Structure formats: C-alpha cells, structure tokens
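Me: I have a structure open and I'm new to it. Could you walk me through how to read it?

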Amino acid sequence: MSAVGAGTACGALLAASIPPGQRGRWLIGLGLVFCAFLILATVSHWLPLSAGLFLLAGTSQSVQLVLTSSLLQLVTRSDLHGRVVGLYALLNNGLTRLGGAQAGLVASQWRAPVAVAGGALLCILWSLVVA
C-alpha cells in the first residue's frame with residue numbers, strides 16, 4: 001500500500017502541470033489508465049512489478065481526484081460551490097464504501113485478484129459509457 005501512497009504524492013505534482021484546456025481529456029484517460037494498472041497488478045506475481053503498478057495506479061487516481069474536484073469547482077456557480085463539493089465528497093466516499101463491500105463479497109467467493117480485476121473492468125465499462 002505504500003506504493004499507492006508514493007504514487008499519490010507523484011500524482012499531486014503531475015496534476016499541477018496539466019494545462020487547463022486539457023483537463024477533461026486527462027480525466028477520462030486517467031480513469032481508464034487507473035483501471036488498466038489495477039488489472040495488470042492482479043495478474044502480476046513479482047513484487048517489484050506489482051509495487052510499480054500500484055505506484056502508477058496511485059498516481060493516476062490522485063491526478064483524477066484533483067482534476068475532478070478542480071473541474072467541478074470551475075463549472076459551478078460560486079454560490080453553489082459548498083453544496084456541489086459536499087455532494088461530490090458524499091458520493092465519492094459513499095461509493096467507495098459500496099465498492100469495498102462489493103469487492104469483499106466477490107473476494108470471499110473467488111479471491112481478491114478476481115474482485116479487484118472485476119471492479120476495474122466495471123469501471124472501464126462505465127468510463128466508456130460516460131465518455
């Protein structure tokens with residue numbers, strides 16, 4: 001898990017360097033890349049490779065969260081910022097917990113790598129629908 005944390009720190013630095021006109025494309029692309037790194041990590045049996053993949057997953061997730069928050073604030077009227085960001089936080093934290101419950105249920109039946117890969121595949125499908 002420390003590889004994900006290191007990736008998060010790298011992602012914060014990367015997010016600051018993305019030009020304003022390209023943030024939307026980066027957001028969709030990083031959602032897909034994040035899922036791809038998770039799927040690759042589930043089939044890896046070599047610790048250094050797995051750690052590197054989790055570092056890259058943490059980086060892409062961090063940038064994605066920063067971009068989502070930034071874009072929400074940019075497109076929202078200033079009198080609604082608190083409500084919109086609050087709703088985003090509620091949905092983000094709530095859906096994370098629901099995803100954890102789903103992953104735990106699947107992992108108890110088929111193993112953790114299957115649960116992570118299945119969740120990542122669902123995330124890719126949803127990203128393609130939304131894009």
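Reply: Let's take a few features in turn.

This is a predicted model, where local features need pLDDT of at least 70 and side-chain atom pairs count only at pLDDT 80 or more, while totals for chains, interfaces and linings use all residues. Residues are numbered from 1 along each chain as its sequence is written, and side-chain values use heavy atoms, with hydrogens and water left out.

Me: What is the average pLDDT of the protein?

Reply: pLDDT is the predictor's confidence in each residue, from 0 to 100. Here the protein averages 87, and 99% of the residues score at least 70.

Me: Which elements have the lowest and the highest mean pLDDT?

Reply: Elements here are DSSP runs numbered from the N terminus: helices (H or I, at least four residues) and strands (E, at least two). Helix α1 (residues 2-16) has the lowest mean, 76, and helix α5 (residues 112-130) the highest, 90. Where pLDDT is low, the predicted coordinates should not be read in detail.

Me: How many disulfides does the structure hold?

Reply: A disulfide is a pair of cysteine sulfur atoms within 2.5 Å. The structure holds zero.

Me: Why is Cys-35 not bonded to the closest cysteine sulfur?

Reply: That sulfur belongs to Cys-123 and is 3.1 Å from the sulfur of Cys-35, so it is too far for a bond. Cys-123, likewise, is in no disulfide.

Me: Is Cys-35 buried or exposed?

Reply: Buried means under 20% relative accessible area, exposed over 50%, and partly exposed in between (1.4 Å probe, protein chains only). Cys-35 is buried, because its relative accessible area is 1%. Cys-123 has 31%, so it counts as partly exposed.

Me: What about Val-84: where is it, and which residues does it touch?

Reply: Val-84 sits in helix α4 (residues 81-110) and is partly exposed, at 25% relative accessible area. Contact means heavy atoms within 4.5 Å. Leaving out residues up to four places away in sequence, Val-84 touches Leu-72 and Thr-76. Gly-24 is 60 residues from Val-84 along the chain, and their C-alpha atoms are separated by 18 Å.

Me: Where are Asn-92 and Leu-95, and how exposed are they?

Reply: Asn-92 lies in helix α4, and so does Leu-95. Leu-95 is exposed, with a relative accessible area of 54%, whereas Asn-92 is partly exposed at 28%. Between Asn-92 and Pro-19 there are 25 Å in space, C-alpha to C-alpha, and they are 73 residues apart in sequence.
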